[in-house]
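Biologist: Could you take me through the open sheet in this one, strand by strand, along with whatever packs on it? Some context on the whole chain first would help.

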Amino acid sequence: MDLESHSRGPQGTARRIEPATEPVACAVCRADDPRPYRAGMYSIGRVRFDLVRCKRCGLVYVNPRPTSAVLEALYDDPEYYTHGYNLGVETENYFARKHELIAQYEDTLAEYERETETRAGDLLELGSAGGFLLEAGRRRGWRVKGVEISPPAAEYSAREFGLEIHRGLLETAPYAEQSFDLAVADNVLEHTLRPDEVLARLHDLLRPGGHLIVIVPSYVNSAWFRGFAHLRSLLPRRFLGRQVLALLKFDGEDAGYPYHILEFDRATLTRLLRAAGFEIAKTEGSVPLPAHLFKDKSPTLRTRCLRFMFATLDRLMRLGLLPAARLRIVARRVR
Ligand SMILES: [Zn+2]
């Protein structure tokens, strides 16, 4: 399937494709009993995709959703990791942030090592993108492997860092059971058709006592989003600016592709991890911080206000005092 000739990503104009769709049950509890959540949240061409919310477990998901062939074609788009990926939230190209992101990931890995009491073993990243976390891992002495569905990103990380990346889905990756000490799935699970099977596979790939770190967005499936949806007309649009509105998913008519076909919350993600055999070691909420806001060397008053707002929300979410916009769970394979 070739979406590329019909569409140039979320900001493109010529969209004539009619994607195949299919109705689906809840990916967490398998019930087929949803209520409407938000109509027309995403689109491919002229076809709009609605979000529904499972009445039994609370999972928010796209239903009907694009077929797996259509979804896979979305990730073939060379622009996925440039403007498709961050949906206009950041002002810089993801690949141009190479040095900055590798340095950040070295700190992130140091934190993971402390949390899991693991050092420099075998690391697997599902959804390795440009390979920046894996490269940071290698610099810290880990043996690293990645799985990446986007061909341009997989090629980039192999070429740029010589990394061993499986191009495609986890289910076809040729890795032996019990061959990793740490697995990371950062902003991946919300893209998957069968998150239960993905987690079961990750469980099998880890050695007993090994850890999985899962990070998912949980903002759309939250009281924040529902509140902002009601207050939409009252949002100070000029003050917040286009990027922050994009982060809040209120950036106007251009709905973007349905990359996030699932949106978890703490209960649904915990339930899935336990069902896959994991024990929960730690859960942490946070808010995604728009990087460009924090890099400006001579910030305006508006930028400083926004920084303060994001930093405060982030701190309160990490302390568990506010509902999380993003969740990170450290899970452990028991035996
Ligand atoms: Zn459900």
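Modeller: Let's start with a yardstick: the radius of gyration here is taken over C-alpha atoms, and the globule rule is 2.2 Å times the number of residues to the power 0.38. For 335 residues, a compact globule would come out near 20 Å, and the protein chain has 19 Å, which agrees. Its C-alpha atoms fill a box of roughly 50 × 50 × 40 Å along the principal axes.

Keep in mind that this is a predicted model, where local features need pLDDT of at least 70, side-chain atom pairs count only at pLDDT 80 or more, and totals for chains, interfaces and linings use all residues. Numbering runs from 1 along each chain as its sequence is written. The average pLDDT (the predictor's confidence in each residue, from 0 to 100) is 89 for the protein chain, with 92% of the residues scoring at least 70.

The protein chain has eleven helices and 13 strands, taken as DSSP runs numbered from the N terminus (helices are H or I, at least four residues; strands are E, at least two).

Now the sheet. Seven strands make it up, in the order β8-β7-β6-β9-β10-β13-β12, with mixed pairing and an open arrangement; two strands count as paired if DSSP finds at least two bridges between them. The edges belong to β8 (165-167) and β12 (278-286), each with a single partner strand, so one side of each has no neighbour in the sheet. Neighbouring strands are turned by 15° against each other on average, direction ignored. Axes are lines fitted to C-alpha atoms, for helices over the stretch in contact, and angles run from 0 to 180 degrees between N-to-C directions.

At the β12 edge, β12 pairs with β13 (residues 326-333) in the antiparallel sense, over eight bridges. One spot to click on is T283, whose bridge partner in β13 is I329. Helix α9 (residues 266-275) packs on the sheet too, touching β10 (206-217), β12 and β13, and its direction makes about 20° with that of β13. Contact here means C-beta atoms, placed from the backbone, within 7 Å.

Over at β8, helix α5 (residues 151-161) lies across β7 (143-148) and β8, running at about 160° to β8.

One caution away from the sheet: residues 1-15 stay under 50 in pLDDT, though the model has 35 contacts for them beyond four places in sequence. Where pLDDT is low, the predicted coordinates should not be read in detail.

Definitions and conventions
Two residues are in contact if their C-beta atoms, placed from the backbone, lie within 7 Å.
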